[in-house]
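New to this one? Have a look at the structure below, and then we'll walk through a few of its features together.

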Amino acid sequence: MAMVPFNYTESIDTLTYLVNKNFVPMTRIDDAVRRILRVKFTAGLFEHPYADYSFVNELGSQEHRELAREAVRKTLVLLKNGKSNDQPLLPLPKKARKMLVAGTHANNLGNQCGGWTIRWQGLSDPTTEVVYKENPNPNFVKSGKFSYAIVVVVEPLYSETFGDSLNLTLSEPGPSIIMNVCRSVKCVVVLITGRPVVIQQYVPVMDALVAAWLPGTEGRGVADVLFGDYGFVGKLSRTWFKTVDQLPMNVGDRHFDPLFPFGFGLTTKPARTQ
């Protein structure tokens with residue numbers, strides 16, 4: 001199915017021209033239409049074309065939110081925990097004297113939801129009250145006497161081709177925040193991203209690294225695991241590359257040399273059982 005929300009008349013004219021000139025065979029059109037109609041018939045859209053509003057009051061219910069929060073907890077992937085195996089940073093102690101939360105995604109619900117939320121390319125939430133230090137400089141971090149820091153960074157909002165990238169690198173101020181904070185205090189970096197990105201050069205300064213993907217409205221599930229109410233159990237559903245020059249890269253390739261392999265994910269136990 002072609003989804004062309006704006007220039008649809010030009011799209012129709014172009015496809016019609018290509019069919020008439022035999023660049024696109026009519027059999028290809030028939031095949032595409034057949035697939036779409038099959039799904040619509042299976043879903044019963046012709047018998048019941050309108051939405052069923054009988055469950056509308058359940059949208060956003062506490063039960064739904066608890067399930068979403070559980071999904072966040074179970075899909076977090078712990079990629080690094082401590083600069084040495086015998087000194088893990090996570091889970092974080094809740095009774096720390098002072099903690100720093102930094103990063104452009106740490107206090108913005110819209111950014112944590114990603115694209116296709118509220119509107120096509122997502123909607124950032126500039127009205128959120130800032131109760132943290134978004135982009136702290138090294139002097140602030142060093143003088144703060146923090147027990148540890150949580151740095152939340154990564155991708156801006158996008159969906160579909162608006163997210164196309166030739167380098168898949170972190171955009172500023174993400175890299176600067178990581179370097180400024182993690183060089184000065186123990187830190188865990190939480191990546192809010194819909195895909196792997198190039199992070200190899202920043203991993204050495206991090207004490208811990210968590211891929212949180214797009215946690216959505218129930219981002220409290222991230223805190224549940226960071227602070228040890230639950231353990232990390234998530235695994236990577238795809239290989240995490242070092243550079244885009246390695247792509248495409250899959251398990252079994254002769255030159256398979258990822259930053260984190262397919263299926264990777266460190267685990268922790270809930271703090272109460274340690």
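Let's begin with a weak spot: residues 127–131 have pLDDT under 50, and the model gives this stretch 5 contacts beyond four places in sequence. Keep in mind that this is a predicted model. Across the chain, the mean pLDDT is 88, with 95% of the residues at 70 or more.

Now for the helices. Helix H1 covers residues 8–20, and its 13 residues should span 18 Å at 1.5 Å a residue; the C-alpha atoms at its ends are 18 Å apart, so the two agree. After H1 comes Asn-22, which has a positive phi, near 65°.

On to the charged pairs. The structure holds 10 salt bridges, and here are three of them:

| Pair | Closest N and O atoms |
|---|---|
| Asp-31 and Arg-35 | 2.9 Å |
| Glu-218 and Arg-65 | 2.8 Å |
| Arg-220 and Glu-218 | 3.2 Å |

What separates Asp-31 from Arg-35 in helix H2? They sit 4 residues apart in H2 (residues 26–43), which means about one helical turn lies between them. An α-helix has 3.6 residues a turn, so residues three or four places apart point the same way. Asp-31 is partly exposed, with a relative accessible area of 25%.

The bridge from Glu-218 to Arg-65 has a longer reach along the sequence: Glu-218 lies in the loop between E5 and helix H7 (220–226), while Arg-65 is in helix H3 (residues 62–75), so the pair ties together parts that are 153 residues apart in sequence. Is Glu-218 buried or exposed? At 1% relative accessibility, Glu-218 counts as buried. Its partner Arg-65 is partly exposed at 34%, and Arg-220 is also partly exposed, at 46%. Elsewhere, Arg-28, Asp-31 and Arg-35 are joined into one network by salt bridges that share partners.

Strands next. E1 (residues 77–81) is mostly covered, with 5 of its 5 residues buried. E1 pairs with E5 in the antiparallel sense over 4 bridges, and Leu-78 has Val-210 in E5 as its bridge partner.

Last stop: Pro-196, in the loop that runs between strand E4 (187–192) and strand E5 (208–213). Pro-196 counts as buried because its relative accessibility is 3%, under the 20% cut-off. Leaving aside residues up to four places away in sequence, Pro-196 touches Leu-168, Trp-213, Arg-238, Thr-239, Trp-240 and Phe-241. Ser-147, by contrast, is 49 residues from Pro-196 along the chain, and their C-alpha atoms are separated by 29 Å.

Key
Residues numbered from 1 in each chain as written. Predicted model: local features only at pLDDT ≥ 70, side-chain atom pairs only at ≥ 80, totals over all residues. Heavy atoms only, no water. Helix = DSSP H or I, 4+ residues; strand = E, 2+ residues; numbered from the N terminus. Buried < 20%, exposed > 50% of the residue type's maximum accessible area, 1.4 Å probe, protein only. Contact = heavy atoms within 4.5 Å. Pairing = 2+ DSSP bridges. pLDDT = per-residue confidence, 0-100. Expected span 1.5 Å × (residues − 1). Salt bridge = Lys/Arg side-chain N within 4 Å of Asp/Glu carboxyl O.
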